Amino acid sequence: MQGNSYKDEKEAFVSGMTGSTVSHINLLSSVALASMFLLYCAQTRIRLSSLTSLPLSWLLLVFPLLLSMTIFVNWPAALLLLISAPGGLLLLIQRKESGTPLPSNLKSPITPNPSSQTFPVAPRMEPLPSFTTYRAHMLLMTCLAILAVDFPIFPRSLVKCETYGVSLMDIGVGSFVFSGGIASAIPLIKTPSHLAAPTFPKMLRAMRKSLPIILLGLVRVLLVKGTEYPEHVSEYGVHWNFFITLALVPVMEVMLHPVMIRVSVTAIGIVVAIFQQLLLSKFGLSDYVFNAPRVDLISANKEGIVSLPGYFSIHLLGLTTGLLLLPPSPSYFRRIQRSLQTHSLNDRALAERYAVRQNGKTATELSGYLVLWWALMGLCSLLKLDGGNGVSRRMVNISYIFWICAYNVSFILAYLLLDMVFFPSPSTTSKTKKKIDQNSASSLHPILPTAIPHPLLDAVNKNGLVVFLVANIATGLVNLTIPTMYTSDLWAMVILCGYSYAICTTAWVLRGVRLRL
């Protein structure tokens, strides 16, 4: 490459940052909401088949994200107005007679054939469009940032903070773990008895599933060391990286399954967050992270090891969100918990999994959690419960944990409200509710939806880890061939546009399959 001097300059280019502000990050992230607003306005007002084509999808859903973290980084409100204004004008047009209904709104029970005594053993849970949109946009912003950070056009205020502070890239790693926690709710919703299954065999299965991700982490270490690729050691340590953290938290979750039968997952997550802060503040781990020399394998990777309980707390609180967001009713899992405690779980209790969605109730509970997380974050700052220095992604202190929860729940709720406004659910009559109660087993066989989430976002979400891996490889190749630090803003935008389009093309090509690592 360009030599050790360039490597040292590159490492200094992404080191020592103090970050931005929470409000600035929220404004930048809101560009994703504005792009969905414009898309929904177009979908419901005009007939244009190209709205689902890859080029227009990239232009509407991905290019604005890139603009928000580069050219318009200091003018996010202007970008929001530029995107939202055309949508506002489209609202003046009369809505199409047959809008595109959301899959989650089309669930209704059907009466089985009286002569048939068999029912589907494992009915399919349909995706929730707002979750698909949130997860895909989060992943796309992460993929854009990991390359954009190497160019001067990406402001240093959005780079990961060295020790304390908030930035756009600090949000990315925590949101990745949080969204993984939400997705981990799916098997608990589909098969609640999984919680009561023997723990050790489940741990072995979880470890087998995590092994490919750990291998990816180890391969990344070898490639970084072998190519002398610039690295920020104080981020995770000498050998540790994000893939290793991502692989370990699901295994740790399985260990707490017996506790989850009797204790609220929210309470468990908060207790783990408090435990993490106690380790940092009262047992000297923060001082260890800042001052201990790297003399052995443990101290060489002190940031990754010390931050692991914090990321585990984020995973658990993401799981809490998934357990109220993904079922048709936000109270579904609480009833399942009571059934598991009394050993009274039956098909009637499970039937609600595929009933008509109650998005209004879900939005109400999400609003409560949104207030809780922002309040707890403010309380930690006001009372200096986080040590007095604010948010720290490096150690994953309690303020960082609550910030990640507050941020993600805010945007999940916003996506859900957008869906509810543009694609309102059909009302559930008392007759329908009575039918669900009388034919609970029949609701195990839901009517198939006639629509799916936006194709590009669905494609990104379906193979998210593969897309993230491809983005990491592409980022490495660009940095090994181009002196990104000295690239002009014009060429940086050309490269970033090509890179982002290539990432979307990869997801688009793979949209018909689901690759599991």
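Is Lys160 buried or exposed, and at what relative accessibility? I looked this up before anything else. Lys160 counts as buried because its relative accessibility is 14%, and the cut-off for buried is under 20%. I note here that the model is predicted.

**Entry 1. The chain as a whole**

I recorded 24 helices and 0 strands in the chain. The chain has 517 residues, of which 55% count as buried. I then looked up the accessible surface, which comes to about 22,000 Å². Carbon and sulfur atoms hold 66% of that surface. For contacts with a separation of 6 or more, I found that residues 24 or more positions apart account for 86%.

**Entry 2. The salt bridge of Lys160**

I returned to Lys160 and looked for its partner. The side chain of Lys160 meets that of Glu235 in a salt bridge, at 2.1 Å from N to O. Lys160 sits in the loop between α6 and α7, and Glu235 in helix α10 (residues 233-236). The two residues are 75 residues apart, and the pair links distant parts of the chain. Glu235 has a relative accessible area of 15%, so I entered Glu235 as buried.

**Entry 3. Other salt bridges**

How many salt bridges does the structure hold? I counted 6 in the structure. As background, side chains of opposite charge can pair when their charged atoms come close.

I took Lys10 and Asp150 next. They form a salt bridge in which the closest N and O atoms are 3.7 Å apart. Lys10 belongs to helix α1 (residues 4-13), while Asp150 lies in the loop between α6 (129-148) and α7 (168-183). This pair also links distant parts of the chain, 140 residues apart. Lys10 counts as buried because its relative accessibility is 3%. Asp150 has a relative accessible area of 9% and is therefore buried.

I then examined Arg393 and Asp170, whose side chains meet in a salt bridge at 3.0 Å, N to O. Arg393 is in the loop between α19 and α20 and Asp170 is in helix α7, so the pair ties together parts 223 residues apart in sequence. Both Arg393 and Asp170 are buried. I also noted a network: Arg294, Glu303 and Arg394 are joined by salt bridges that share partners.

**Entry 4. The nonpolar core**

Which residues touch the most other members of the largest nonpolar core? I found Phe154, Phe178, Tyr311, Ile314 and Tyr400, in a core of 143 residues. Helix α20 (residues 398-422) supplies the largest share of this core, with 17 residues.

I listed the contacts of Tyr400, leaving aside neighbours within four places in sequence. Among them are Tyr311 and Ile314, which are also on the list of core residues with the most contacts to other members. Tyr400 further touches Asp170 and Arg393, the two partners of the salt bridge at 3.0 Å. The other contacts of Tyr400 are Val173, Gly174, Val391 and Ser392.

**Entry 5. The loop between α19 and α20**

I looked at two residues here for their backbone angles. As background, most residues other than glycine have a negative phi. Lys384 is placed in the loop between α19 and α20, and its phi is positive, near 55°. Val396 is placed in that loop as well, with a positive phi of about 55° although it is not a glycine.

Are these two buried or exposed? Lys384 is exposed because its relative accessible area is 54%, and the cut-off for exposed is over 50%. Val396 has a relative accessible area of 0% and is therefore buried.

I also noted a nonpolar patch on the surface, formed by Leu379, Leu382, Leu383 and Leu385. Together these residues have about 400 Å² of accessible area. Leu383 is placed in the loop between α19 (359-382) and α20.

**Entry 6. Helices α22 and α23**

Which residues does Asn461 touch, not counting residues up to four places away in sequence? I found Thr132, Arg135 and Ala136. Asn461 is in helix α22 (residues 455-462), and it counts as buried because its relative accessibility is 16%.

I checked the span of helix α23 (residues 464-481). Its 18 residues should span 26 Å at 1.5 Å a residue, and the end C-alpha atoms are 26 Å apart, so the two values agree. The buried residues of α23 are Gly464, Val466, Val467, Phe468, Ala471, Thr475, Gly476, Val478 and Asn479.

Key
Residues numbered from 1 in each chain as written. Predicted model: local features only at pLDDT ≥ 70, side-chain atom pairs only at ≥ 80, totals over all residues. Heavy atoms only, no water. Core = buried A, V, L, I, M, F, W, Y, C linked by side-chain atoms within 4.5 Å. Buried < 20%, exposed > 50% of the residue type's maximum accessible area, 1.4 Å probe, protein only. Helix = DSSP H or I, 4+ residues; strand = E, 2+ residues; numbered from the N terminus. Contact = heavy atoms within 4.5 Å. Patch = residues over 30% accessible without salt bridge, like charges linked within 9 Å, V, L, I, M, F, W, Y side chains within 5 Å. Areas by Shrake-Rupley, 256 points an atom, 1.4 Å probe, with all protein chains shown as cover. Salt bridge = Lys/Arg side-chain N within 4 Å of Asp/Glu carboxyl O. Expected span 1.5 Å × (residues − 1).
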